[in-house]
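User: Could you take a close look at one helix in this model and walk me through what packs around it? I'd like the geometry and the contacts in one connected answer.

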Amino acid sequence: MFVNEILAQSRGRRRDPDLRRQQIIEAAAELMLEVGVGGLTHRLIADRAGVSVGSTTGHFSTLDDLRRAAITRISDDLDEVLADIEAALVSAEGGEADRDLTATLVDGLYTYLSDARVLRCDVSLATAALTDADARALALRWFDGLVAVLTPHLGGVRATAVATFIDGAAWHSVLEGRSLTRSSLSETLRTLISKDEHQP
């Protein structure tokens with residue numbers, strides 16, 4: 001009876017391997033935002049995750065595999081931002097034309113540009129994309145996803161213009177340590193979105 005109790009307690013203390021793997025990925029993603037892709041090491045990640053180096057290499061045979069998992073995890077945060085923007089635009093679709101559309105875009109994009117962690121995710125992906133094909137595909141997924149979300153409301157040309165502007169605004173916000181103001185963002189978006197006889 002006593003032996004059975006000890007074995008049951010031991011089994012209860014065993015870590016879920018999927019949970020351990022997720023902890024390692026989360027630690028790698030956090031560190032990637034701090035030290036960049038090139039600064040990641042198994043030791044650094046293991047220390048942050050609170051596990052042994054053997055645990056990281058057990059779940060990820062190479063550092064490249066772990067980097068890819070971290071990059072994918074970071075891209076998931078950006079997908080959530082896109083989903084929030086899309087939901088807000090769909091919800092505002094029945095409003096009063098351009099005024100509501102611009103106001104909705106300003107709200108969603110200002111929130112994005114004001115979130116330091118999300119911005120670092122975006123910039124980290126773009127930086128990693130310079131040397132990593134997987135990161136390049138995920139970085140382009142953000143831009144293409146934003147264009148896809150905006151196109152039903154703005155048309156392809158304006159959607160691409162807004163997405164290009166937001167990419168630049170993201171880098172500006174990271175370098176300056178602060179977002180563009182709402183008024184500046186609103187003025188620029190109104191200019192990009194406005195329709196005239198020369199625009200499709």
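Analyst: Let's start with how α5 and α7 sit in this predicted model: the two helices are oblique to each other, because their axes cross at roughly 130 degrees and that falls outside the ranges for roughly parallel, antiparallel or perpendicular. The axes come within 9 Å, with α5 covering residues 63–92 and α7 covering residues 116–128. As for handedness, α5 goes past α7 in a left-handed crossing. On the α5 side, the contact uses Ile71, Ile74, Ser75, Asp77, Leu78 and Val81. Facing them from α7 are Arg117, Val118, Cys121, Asp122, Leu125 and Ala128. Sorted by type, this contact has eight nonpolar residues, one polar and three charged.

Now stay on α7 and turn to α8, which spans residues 133–154. Here the axes come within 8 Å and cross at roughly 135 degrees, so α7 is oblique to α8 too. This crossing is left-handed as well. From α7 the contact takes Asp122, Leu125, Ala126 and Ala128, and from α8 it takes Ala135, Leu138, Ala139 and Trp142. The split is seven nonpolar, no polar and one charged. If you're keeping track of the α7 residues, Asp122, Leu125 and Ala128 were also in the contact with α5.

The third partner is α9, residues 156–176. Its axis lies 10 Å from that of α7, and the angle is about 110 degrees, so these two helices are roughly perpendicular to each other. α7 brings Leu119, Asp122, Val123, Ala126 and Thr127 to this contact, while α9 brings Asp167, Ala170, Trp171, Ser173 and Val174. By type, that's six nonpolar, two polar and two charged. Asp122 turns up again here, having already been part of the contacts with α5 and α8.

So what does the space around these helices look like? Rolling a probe the size of a water molecule over the atoms shows where empty space is left. The largest pocket holds about 170 Å³ of space. Its lining is made of Asp122, Val123, Ala126, Ala139, Leu140, Trp142, Phe143, Asp167, Ala170 and Trp171. The elements giving two or more residues to that lining are α7, α8 and α9, and the largest share, four residues, comes from α8. Eight of the lining residues are nonpolar, none are polar and two are charged. Several names should look familiar: Asp122, Val123, Ala126, Asp167, Ala170 and Trp171 line the pocket, and they also sit in the contact of α7 with α9. Ala139 and Trp142 line the pocket too, and both belong to the contact of α7 with α8.

One last stop on α9 is Phe165, which is found in that helix. Leaving aside residues up to four places away in sequence, Phe165 touches Leu180, Leu185, Thr188, Leu189 and Leu192. Take Leu185 from that set: 20 residues along the chain separate Phe165 from Leu185, and their C-alpha atoms are 9.9 Å apart.

Note on methods:
Residues are numbered from 1 along each chain as its sequence is written. This is a predicted model: local features need pLDDT of at least 70, side-chain atom pairs count only at pLDDT 80 or more; totals for chains, interfaces and linings use all residues. Side-chain values use heavy atoms; hydrogens and water are left out. Axes are lines fitted to C-alpha atoms, for helices over the stretch in contact, and angles run from 0 to 180 degrees between N-to-C directions. Angles under 35 degrees count as roughly parallel, over 145 as roughly antiparallel, 65 to 115 as roughly perpendicular and the rest as oblique. A crossing is left-handed if the near helix is turned anticlockwise from the far one by less than a right angle, and right-handed if clockwise. Contact means heavy atoms within 4.5 Å. Ala, Val, Leu, Ile, Met, Phe, Trp, Tyr, Cys and Pro count as nonpolar, Asp, Glu, Lys and Arg as charged, and the others, Gly among them, as polar. On a 1 Å grid over the protein atoms alone, a cavity is a set of points where a 1.4 Å probe fits but cannot get out, and a pocket is an open set with protein on both sides within 12 Å along at least five of seven lines; lining residues have an atom within 4 Å of a point. Grid points are joined across faces, edges and corners, and a volume is the space filled by probe spheres set on the points.
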